[in-house]
Amino acid sequence: MQTSSTRQSLPFERIALCGVGLIGGSILKALRASGYRGSITVFDIDRAMAARVCEEGYADLAAASPEHFFRDHDLVILCQPVGVLLDYLRGHRRDIAYGGALGIDVASVKRPVLQALQQDGSSDALARFIPCHPIAGKATHGWISADADLLQDKLCILTPDAATPPAALARVEEFWQRLGARTARMAAGEHDAIYASLSHLPQLLSYAYLHGLAQQPQARQWLAYRGSGFTGFTRLGSSDPALWADIAVHNAAPLLAEIDRFSASLAELRAALAAGERTSLAAHFSTARDLHAATQHTGGS
């Protein structure tokens, strides 16, 4: 994996952005905060929100449709939910391949993005589109939660195809670095396996625990006695269910592998507990604590 954190001037004069939620909105705010004075066009299914973004000075034009974004701009940033993004890519492969813009996205799964771009067997669109994943977020969503500093010192992973020209890749890295992010490159499959383990499974575990607790008839009464451990462990349970269902479905294979790994570990714990094997439990817990200790000395976001 290659990383860089050099900030350079932004090499795009006309930018279009689709989806002004948390990440898209934070990109817009970071662009203006960085001193960018080029033209910005936005599209969002919430037309009133897109108009508000323009009124507040973060964009110049609210488009009625993203249909011609790749023809009319230098950089197109796609911030839709994964399923919507993939449909857009499949429907606009020719525009991406032969339009004037470079394209990037912010989805937390990457292999489906590359597959959507080459579904017809052609690699032309892959030369003009670089899948990206900024590792940044909040429990709250939408434009109101967008923050110009959200990307500051955060990692943004790029998963280019072999067909991606080095010059195009460098321009996209410059873009993210201008917004304060550090950049890294890796294969899409590696990315999806890593984030199935480090992001998607923790999210599902929080949901699974809370779902199980909800089946306890006295759960709501018990919550009056919760402590900081409960609050910390269940923090992810406040995340958008529809958004995470979309992510999980589109990263199913790596996520299923991680669920199986976790299930095997939990089964070991259950067997040791049922047998009263205190030594086995302590050994299991020690392995976990050792890895946790390593996270305190490892860089990253």
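Biologist: Let's start with strand β6, residues 102-105. What makes you say that both of its faces are covered?

Modeller: Look at which residues point each way in this predicted model. Leu-102 and Ile-104 lie on one side of β6, Gly-103 and Asp-105 lie on the other, and all of them are buried. A residue counts as buried if its relative accessible area is under 20%.

Biologist: Okay, so which strands does β6 pair with, and how do you know the pairing counts?

Modeller: Count the bridges. β5 (residues 75-78) and β6 share 4 bridges and run parallel, with Leu-75 standing opposite Leu-102. On to β7: it is joined to β6 by 2 bridges, again in the parallel sense, and there Ile-104 stands opposite Ile-130. Pairing takes at least two bridges, so both β5 and β7 count as partners of β6. To get from β6 to β7, the chain passes through helix α6 (residues 111-117), and this β-α-β crossover is right-handed.

Biologist: What does the sheet look like as a whole, and in what order do the strands come?

Modeller: It is an open sheet of 6 strands, in the order β4-β3-β2-β5-β6-β7, with parallel pairing.

Biologist: Why are β4 and β7 said to be at the edges?

Modeller: Check their partners. β4 (61-62) and β7 (129-130) each have a single partner strand, so one side of each has no neighbour in the sheet. As a reminder, strands of a sheet pair through backbone hydrogen bonds.

Biologist: And β2, residues 14-18? How do you know which strands it pairs with?

Modeller: Same bridge test. There are 5 bridges between β2 and β3 (residues 39-43), and 4 between β2 and β5. Pairing needs at least two, so β2 is paired with β3 and with β5, parallel in each case. Ile-15 is a nice residue to find on screen: its bridge partner in β3 is Ile-40, and in β5 that partner is Leu-75. You can also spot Cys-18, which stands opposite Phe-43 of β3. Helix α1 (residues 22-33) joins β2 and β3 in a right-handed β-α-β unit.

Biologist: Why is β2 called largely enclosed?

Modeller: Of its 5 residues, 4 are buried, so the rest of the structure largely encloses β2.

Biologist: Let's try single residues. Why does Asp-74 count as buried?

Modeller: Its relative accessibility is 18%, and buried means under 20%, so Asp-74 makes the cut. It sits in the loop between α3 (69-72) and β5. Beyond its neighbours within four places in sequence, Asp-74 touches Phe-12, Glu-13, Arg-14, Gly-100, Ala-101 and Leu-102.

Biologist: What makes Asp-153 exposed and Ala-271 just partly exposed?

Modeller: Asp-153 has 52% relative accessible area. Exposed means over 50%, so Asp-153 qualifies. Ala-271, in helix α12, has 47%. That value falls between 20% and 50%, so Ala-271 is partly exposed.

Biologist: What else should I look at in Asp-153?

Modeller: Its phi is positive, about 65°, although Asp-153 is not a glycine. You'll find it in the loop between β8 (132-134) and β9 (155-158).

Biologist: Now the helices. Why are α12 (residues 252-274) and α13 (residues 278-295) called roughly antiparallel?

Modeller: They pack at an angle of about 150°, with axes 8 Å apart. Roughly antiparallel means over 145 degrees, so α12 and α13 fit that label. Their crossing is left-handed. Among the residues making the contact are Leu-269 and Leu-273 of α12 and His-284 and Phe-285 of α13.

Biologist: And how do you know that α8 (residues 188-214) is oblique to α12?

Modeller: By elimination. The two axes cross at roughly 60° and come within 9 Å. That angle is not under 35, not over 145 and not in the 65 to 115 range, so α8 is oblique to α12. This crossing is right-handed. Where α8 meets α12, the residues include Ala-196 and Leu-204 on the α8 side, and Ile-259 and Phe-262 on the α12 side.

Notes: Residues are numbered from 1 along each chain as its sequence is written. This is a predicted model: local features need pLDDT of at least 70, side-chain atom pairs count only at pLDDT 80 or more; totals for chains, interfaces and linings use all residues. Side-chain values use heavy atoms; hydrogens and water are left out. Buried means under 20% relative accessible area, exposed over 50%, partly exposed in between (1.4 Å probe, protein chains only). A crossover is right-handed if, with the strands pointing away from the viewer, the path from the first strand over the helix to the second runs clockwise. Axes are lines fitted to C-alpha atoms, for helices over the stretch in contact, and angles run from 0 to 180 degrees between N-to-C directions. A crossing is left-handed if the near helix is turned anticlockwise from the far one by less than a right angle, and right-handed if clockwise. Contact means heavy atoms within 4.5 Å.
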